[in-house]
Amino acid sequence: MKKILIVTLSSLFFISCTRDFAEINTNPVDQINATPEELLTLAIMKGYNGSFEYYYDYYRRIMPWTQTLVPSTGNSSQFMDDGSNMNQRKDIFYGDHGALLTDIIYKIDHMPAEEQIKYVNIKSIAAILKVYYAWYVTDVNGSVAYTEAFQARYGGTQTPGFETQEQLYDVFDTQLNDVYTAIQSADQSVQVNPGDKDLFFKGDISKWKRVANSLRLKIASRLIKRNPSKVTAIATQVLSRDEINSTASSFMLRARRFTEHGNFNPAGMSATKPMVDFMNENKDPRISIFFQQNDYSQQNINKLAAAGKMQHVTEGQRYVGGPVSPNMVPANMSRYYTSAKRLLDGVNYDTISRLQYRIWRPENTSNGIIGTGNAVFPILTYADYSLLKAELAARNIIPANAKDLYEQGIRASVETYNYIAKEALVDSYTAANDNDITAYLNEPQIKFNPSSALEQIIIQEYLNYFKQPNEVWALIKRTGMPNISTSLKLENTVNGAGVLLTMPRRIVLPTPSKDNLNYKNQNEALNQMKQDPDFGTSESDIQGRIWWDKK
């Protein structure tokens, strides 16, 4: 025991050396003596309060690229070429999040046998979270160190080998399958229940079992272009087991005061024309949760007209999206009934709708009211899962009723966003009821049509993933939809010189440094990825692709 303590102390310094000294010494959790369930809370927090990911990766890169937001000043001519400051997910995983999850598993594996049998559930939770986040990292990085990572402080290698993405997909699937079996085989009468320390499901292991199984299908869906037969094989087993089957079993984190940091604030970010036009046309009940009404209420129009700032007109559509293409930025090229912002008494009145800030940062103050701080992070929801299965059914990969799954997914999506809005106290939103959802399902472009089913389903996945920008990006890469020809029409993006811009497909990969202890493995992994003809011109080429994103 003494030997293990010494190793662990040195490892604590190793993983904490980049943190503020005061934080280390005032941390309420003693990581050396903490129980696995106490470490679980800290591990979850370290995975989902990374504000820089929202500031850079989401608001300033992925969401503009995928046309789910546009800066209030419009996109620059270089916005599709800028991948700087991205890849926060990698820093989070290889920092405290992955290390703490590994610590939990290590602690349990080194307990006496009679104690280990009591911790099957908690070890399983840690394993699911570790697989998910490692998959999230490889999703844009390709080959990464996983199996041998985080082992140095336990006497393992300081130079972990990298696994290819193809290898990792096999590892992830095996581990999730093993977790499902372990939970099912465990003696539940003796299990230590983490209770509130499990910030997801408060120790309800039946929901974790469903997540482990359903996440296998989600991960496998990335293989549609690479190995469709493997997707079918995995789907066959997954569908025969317990799956996410209700909004209550959705894999979502509800957390209070996780988003206090100002980097979570999407102020200055606005709605896009493609999304808003489609949602307006089809009376989408989620529109007031996604976007704020613009500033041109009848009261404000009257005020501006009286001041000679505009002609007196009747209030029009209050949800208006901004053009995405950089060549549409100048005010005199706007296509809306009011052509520009108007300044009166120090207030700018804007034609374009802003994002609903509170679904991203519920601490925001609006109309003098401070938000609740109750943030919801969707990871794999019932809506996601239902729509994914609808897509697989439409592709004839699984034997299921695509129409039923499509409608089920839309209903679940609206219900989930109702919940997110209620928790965050979103400003001036209208909660949809069953009649609203039914009416939406009967809109001409929404009503299920077997001849255009795949396009309809993917558009709903795109809308549903609004609060999961990484999944919107992956969806477009995986399916090629929505695009300029689908019913939800993305814009051709053109710079000021008339050059067509294309969406980036990965982050800037780091160039291995010879000063890095693991240079040999990093360099070999990068060289192996470069053998793929779709890799691009260099590791810095964000138009290049990683393995699963096959042309």
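In the predicted model, helices α8 (165-185), α9 (205-220) and α10 (228-238) each contribute at least two residues to the lining of the second largest cavity. The largest share comes from α9, which gives 3 residues. The lining consists of Tyr-169, Asp-173, Arg-216, Ile-219, Ala-220, Leu-223, Lys-230 and Ile-234. By class, 5 of these residues are nonpolar and 3 are charged, with no polar residue among them. The volume of this cavity is about 50 Å³.

A search of the whole structure returns 3 cavities of 30 Å³ or more. The largest cavity encloses about 210 Å³ and is lined by 18 residues. Of these lining residues, Tyr-48, Tyr-54, Tyr-58, Tyr-136 and Phe-377 lie nearest the centre of the cavity. At least two lining residues are supplied by each of α3 (36-48), α4, α7 (120-141), β10 (374-380) and α18 (469-479). Strand β10 gives the most, with 4 residues. The lining of the largest cavity divides into 12 nonpolar, 4 polar and 2 charged residues. Phe-377, one of the residues nearest the centre of the largest cavity, also has a charged group over its ring: Lys-467 lies over the face of Phe-377 at 5.4 Å from the ring centre. A second arrangement of this kind involves Arg-506, whose charged end sits over the ring of Phe-535, 4.1 Å from its centre.

Helix α4, which supplies at least two residues to the lining of the largest cavity, spans residues 51-65 and includes Trp-65. The relative accessible area of Trp-65 is 2%, so this residue is classed as buried. Beyond its neighbours within four places in sequence, Trp-65 is in contact with Phe-79, Met-80, Asp-82, Gly-83, Met-86, Trp-473, Met-503, Pro-504 and Ile-542. One of these contacts, Met-503, is separated from Trp-65 by 438 residues in sequence, whereas the two C-alpha atoms are 5.8 Å apart in space.

Aromatic pairs were also searched for over the whole structure, and 33 were found. Tyr-94 and Phe-150 form a stacked pair, with a distance of 5.7 Å centre to centre and an angle of 20° between the planes. This pair links distant parts of the chain, 56 residues apart, with Tyr-94 in helix α5 (residues 88-109) and Phe-150 in the loop between β2 (144-145) and β3 (162-163). The two partners fall into separate accessibility classes: Tyr-94 is partly exposed, with a relative accessible area of 30%, while Phe-150 counts as buried because its relative accessibility is 11%, under the 20% limit.

Trp-208 and Phe-251 form an edge-to-face pair, 5.6 Å centre to centre and with 70° between the planes. Trp-208 belongs to helix α9 and Phe-251 to strand β4 (residues 251-256), so the pair ties together parts of the chain that are 43 residues apart in sequence. Trp-208 and Phe-251 are both buried. Helix α9, in which Trp-208 lies, is also the element that gives the most residues to the lining of the second largest cavity.

Note on methods: Residues are numbered from 1 along each chain as its sequence is written. This is a predicted model: local features need pLDDT of at least 70, side-chain atom pairs count only at pLDDT 80 or more; totals for chains, interfaces and linings use all residues. Side-chain values use heavy atoms; hydrogens and water are left out. Buried means under 20% relative accessible area, exposed over 50%, partly exposed in between (1.4 Å probe, protein chains only). Contact means heavy atoms within 4.5 Å. On a 1 Å grid over the protein atoms alone, a cavity is a set of points where a 1.4 Å probe fits but cannot get out, and a pocket is an open set with protein on both sides within 12 Å along at least five of seven lines; lining residues have an atom within 4 Å of a point. Grid points are joined across faces, edges and corners, and a volume is the space filled by probe spheres set on the points. Ala, Val, Leu, Ile, Met, Phe, Trp, Tyr, Cys and Pro count as nonpolar, Asp, Glu, Lys and Arg as charged, and the others, Gly among them, as polar. Rings of Phe, Tyr and Trp (its six-membered ring) pair if their centres lie within 6.5 Å; planes under 30 degrees apart count as stacked, over 60 as edge-to-face and the rest as tilted. A charge sits over a ring if NZ of Lys or CZ of Arg is within 6 Å of the ring centre and within 35 degrees of the ring normal.
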